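Thanks for coming. I will take a few minutes to walk through one structure, beginning with a single pair of residues and working outward.

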Amino acid sequence: DVRGLGEYWQNEIRTVLRRLRAADYLSRRIINVGIGNGLEAPGLFDEAKHLTIVDIAPKSLERARSLVRRASALVSEAENLQSIATASQDIYVSFRTYQSSYFSTSRAVREAYRVVRQGGLVIISIANGFLGPGSALIPGLVIPHTTVVSRDRPFEIAERVRRKLTLFRFEEVGIETGFAEIYVYGRRGR
């Protein structure tokens with residue numbers, strides 16, 4: 001995971017949050033969907049007052065919970081967050097989850113829309129590279145069921161997510177390219 005090379009990606013996320021007028025994100029209700037083992041949380045969410053972490057894998061979620069002890073943890077699919085109340089979250093984040101080929105982008109965006117309050121934010125990242133041999137950055141993503149790396153695939157996924165946010169009438173929808181991630185974001189309409 002290229003994010004392990006430094007804090008640049010946390011700064012990229014904070015830049016997106018500032019652009020969306022949410023520099024005070026740590027005081028808001030945040031849901032982090034697809035947190036995996038939680039290595040993204042320290043330094044970014046460990047001081048959050050109201051954090052819910054979600055993952056489909058119980059053991060990964062347990063590891064994440066050990067890194068952000070204040071968080072509430074929920075084993076669930078991104079496409080079915082039924083334990084989360086409607087319009088209860090201020091910020092929905094999902095880092096490197098929407099690139100999965102075992103994932104319904106439409107259903108996940110529908111759930112993001114449901115759980116985020118009016119005026120709330122959605123920030124989704126798509127990997128735009130991975131570490132290869134010798135810690136070299138290899139741009140792109142592997143095409144599912146092949147060994148072919150496509151430089152276009154991350155942008156295609158980001159555009160698909162952007163279109164879904166637009167269909168659900170999110171406002172201020174945008175895409176920002178970072179060092180090794182593409183961020184897609186929007187604000188739920190009022």
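Let me start with Asn 32, which stands opposite Val 93 in E4. Before I go on, please keep in mind that this is a predicted model.

Asn 32 belongs to strand E1, which covers residues 29-33. Is Asn 32 buried or exposed? Its relative accessibility is 0%, so Asn 32 counts as buried. The side chain of Asn 32 has a polar contact, at 2.9 Å, with the side chain of Glu 40. Leaving out residues up to four places away in sequence, Asn 32 touches Glu 40, Phe 45, Leu 51, Thr 52, Ile 53, Val 54, Val 93 and Phe 95.

Now the strand around that residue. E1 is mostly covered, with 4 of its 5 residues buried. On one side, E1 runs parallel to E4, and 3 bridges join the two. E1 also runs parallel to E2, this time with 5 bridges. Two of the bridge partners there are easy to find: Ile 30 is matched with Leu 51 in E2, and Val 33 is matched with Val 54 in E2.

E2 is mostly covered as well, since 5 of its 6 residues are buried. E2 and E3 are parallel and are joined by 4 bridges. In that pairing, Thr 52 stands opposite Ser 72 in E3.

That brings us to the whole sheet. In what order do the strands of the open sheet come? There are 7 strands, in the order E3-E2-E1-E4-E5-E11-E10, and the pairing is mixed. The edges are held by E3, residues 72-75, and E10; each has a single partner strand, so one side of each has no neighbour in the sheet. On average, and ignoring direction, neighbouring strands are turned by 15 degrees against each other.

Further along the order, E4 and E5 pair in the parallel sense over 6 bridges. Phe 95 has Ser 125 in E5 as its bridge partner.

Next, the helices. H1 packs on the sheet, where it touches E4, E5, E10 and E11, and its direction makes about 25 degrees with that of E11. H1 has 12 residues and reaches 17 Å from its first C-alpha to its last, close to the 16 Å expected at 1.5 Å a residue. Which residues of H1 are buried? They are Tyr 8, Trp 9, Gln 10, Glu 12, Ile 13, Val 16 and Leu 17. Those buried residues are the ones that pack against E4, E5, E10 and E11. Just after the helix, Arg 21 takes a positive phi of about 60 degrees.

H3, residues 105-115, also lies across E4, E5, E10 and E11. H3 runs at about 145 degrees to E5.

Now to the interior. In soluble globular proteins, nonpolar side chains tend to be buried together. Here, the largest nonpolar core has 28 residues. Leu 17, Ile 30, Phe 45, Leu 51, Ile 53, Ile 91 and Ile 123 are the members that touch the most other members. The elements giving two or more residues to this core are H1, E2, H2, E4, E5 and E11. Which element gives the most to this core? H1 does, with 5 residues. There is also a second, separate core of 27 residues, and Leu 74, Val 115, Ile 157 and Val 184 are included in it.

Two members of the largest core deserve a closer look. Take Ile 91, in strand E4. Its relative accessible area is 1%, so Ile 91 is buried. Setting aside neighbours within four places in sequence, Ile 91 is in contact with Leu 17, Ala 22, Tyr 25, Arg 28, Arg 29, Ile 30, Ile 31 and Leu 121. One of these, Ala 22, is 69 residues from Ile 91 in sequence, while their C-alpha atoms are 9.0 Å apart in space.

The other is Ile 53. Outside residues up to four places away in sequence, Ile 53 touches Asn 32, Ile 35, Leu 61, Ala 64, Arg 65, Val 68, Ala 71, Ser 72, Ala 73 and Leu 74. That list includes Asn 32, which is where I began, so I will stop there.

Conventions. Residues are numbered from 1 along each chain as its sequence is written. This is a predicted model: local features need pLDDT of at least 70, side-chain atom pairs count only at pLDDT 80 or more; totals for chains, interfaces and linings use all residues. Side-chain values use heavy atoms; hydrogens and water are left out. A nonpolar core is a set of buried Ala, Val, Leu, Ile, Met, Phe, Trp, Tyr and Cys residues joined through side-chain atoms within 4.5 Å. Buried means under 20% relative accessible area, exposed over 50%, partly exposed in between (1.4 Å probe, protein chains only). Contact means heavy atoms within 4.5 Å. The expected span of a helix is 1.5 Å times one less than its number of residues. A polar contact is a pair of N or O atoms within 3.5 Å; within protein, one must be able to donate a hydrogen and the other to accept it, and residues adjacent in sequence count only if both atoms are side-chain atoms. Two strands pair if DSSP finds at least two bridges between them. Axes are lines fitted to C-alpha atoms, for helices over the stretch in contact, and angles run from 0 to 180 degrees between N-to-C directions.
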